[in-house]
Amino acid sequence: MFYFDHNATTPVACEVAKTFAAALSEVSGNASSSHRAGQQARSRLEEARVTIARSLGCSAQELVFTSGGTESDNLAIFGLTQNIPLRGKHVIATSIEHPAVLETVRQLGRDGMDVTLAAPSVSGIAQAIRPETVLVSVMHANNETGSIQPIREIARLVKERRASGQQIFFHSDGVQAFGKVPVNVHELGVDLYSISAHKIYGPKGCSSCTDGYKGRVGIYQVMPVTEALGRIIMEGGNAIDIADQAAKEGVWDLRRAGLEKIKQGMTSIDEVNSVTIE
Ligand SMILES: Cc1ncc(COP(=O)(O)O)c(C=O)c1O
């Protein structure tokens with residue numbers, strides 16, 4: 001079977017699976033324990049945090065591990081709207097968001113917030129913003145069409161509002177963008193950004209959320225990423241290398257090159273991942 005639906009999920013890269021399995025047996029401590037085994041796990045986790053942060057252009061303190069993109073979107077949106085005393089009660093998302101965002105803002109609507117589903121454009125967001133808007137959530141890349149939204153420009157809009165005294169924050173679901181286009185969260189100007197490991201050759205949701213996020217969400221510039229991604233980085237850095245390489249070289253060219261190799265009879269993910277562009 002040839003599997004091409006990499007927006008739904010990617011296969012775990014062989015190197016990732018190998019290093020993941022090795023780390024499971026080598027690092028068995030609880031990263032919250034004060035004894036040596038715990039501190040070994042903590043130090044591997046913190047190394048991972050630094051590596052991922054570097055890849056996103058933020059500091060390690062800004063990263064929060066979650067179990068996947070859905071939890072990351074949930075944490076960003078609920079965390080912001082429920083954990084800080086907000087002056088307004090209006091939230092904007094776009095009509096093209098993934099259910100991880102759409103269902104979350106719908107729940108906010110049931111809880112009494114005003115929700116606008118705007119067109120995914122600068123003018124769509126500009127028209128929807130009100131003085132009482134506290135959160136704007138716009139996905140970076142769409143999972144079905146691949147469209148890239150004007151995140152920088154929308155961030156500028158939000159910042160202008162903030163500069164004039166409005167308490168307003170900007171979240172972007174970057175689950176489909178990270179690894180396909182270069183991402184630097186500070187250059188993008190987002191306050192919160194969500195990514196997910198299993199879209200970039202990492203495993204699907206890992207079971208535990210090892211890093212306490214209480215108290216940090218609500219301060220803007222929290223970057224939820226997945227525990228799974230953290231573990232991959234911790235265990236060899238393969239997924240992030242693949243993501244970085246794809247971002248640098250242009251993922252579409254890489255995929256095209258990969259497809260050519262498949263046609264030539266190269267079928268293992270190892271071989272396909274080793275494709276480079278001449
Ligand atoms: C744009 C987008 N956001 C969020 C998610 C949810 O991510 P996860 O499957 O890691 O929960 C997906 C998954 O398909 C997605 O495409």
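This report walks through the sheet, the helices on it, the nonpolar core and the ligand shell of a predicted model. Residues are numbered from 1 along each chain as its sequence is written. Local features need pLDDT of at least 70 and side-chain atom pairs count only at pLDDT 80 or more, while totals for chains, interfaces and linings use all residues.

Let's start with the sheet. Five strands (DSSP E runs of at least two residues, numbered from the N terminus) form an open, parallel sheet in the order β3-β2-β4-β5-β6. Strands pair if DSSP finds at least two bridges between them, and the edge strands β3 and β6 each pair on one side only. Three bridges join β5 to β6, and H171 stands opposite L192 in β6.

Two helices (DSSP H or I runs of at least four residues) pack on this sheet. Contact here puts C-beta atoms, placed from the backbone, within 7 Å; angles, from 0 to 180 degrees, lie between N-to-C directions of lines fitted to C-alpha atoms, for helices over the stretch in contact.

| Helix | Strands touched | Angle |
|---|---|---|
| α4 (residues 99-110) | β2, β3, β4, β5 | about 155 degrees with β2 |
| α6 | β4, β5 | about 160 degrees with β5 |

Beyond four places away in sequence, V190 touches I151, A155, F170, H171, S172 and V185.

Finally, the ligand: 13 residues surround it, and the closest are G68, G69, T70, N143 and S196. Being near means a C-beta atom, placed from the backbone, within 6 Å. Helix α3 (residues 69-83) gives the most to this shell, with three residues.

Conventions
Two residues are in contact if their C-beta atoms, placed from the backbone, lie within 7 Å.
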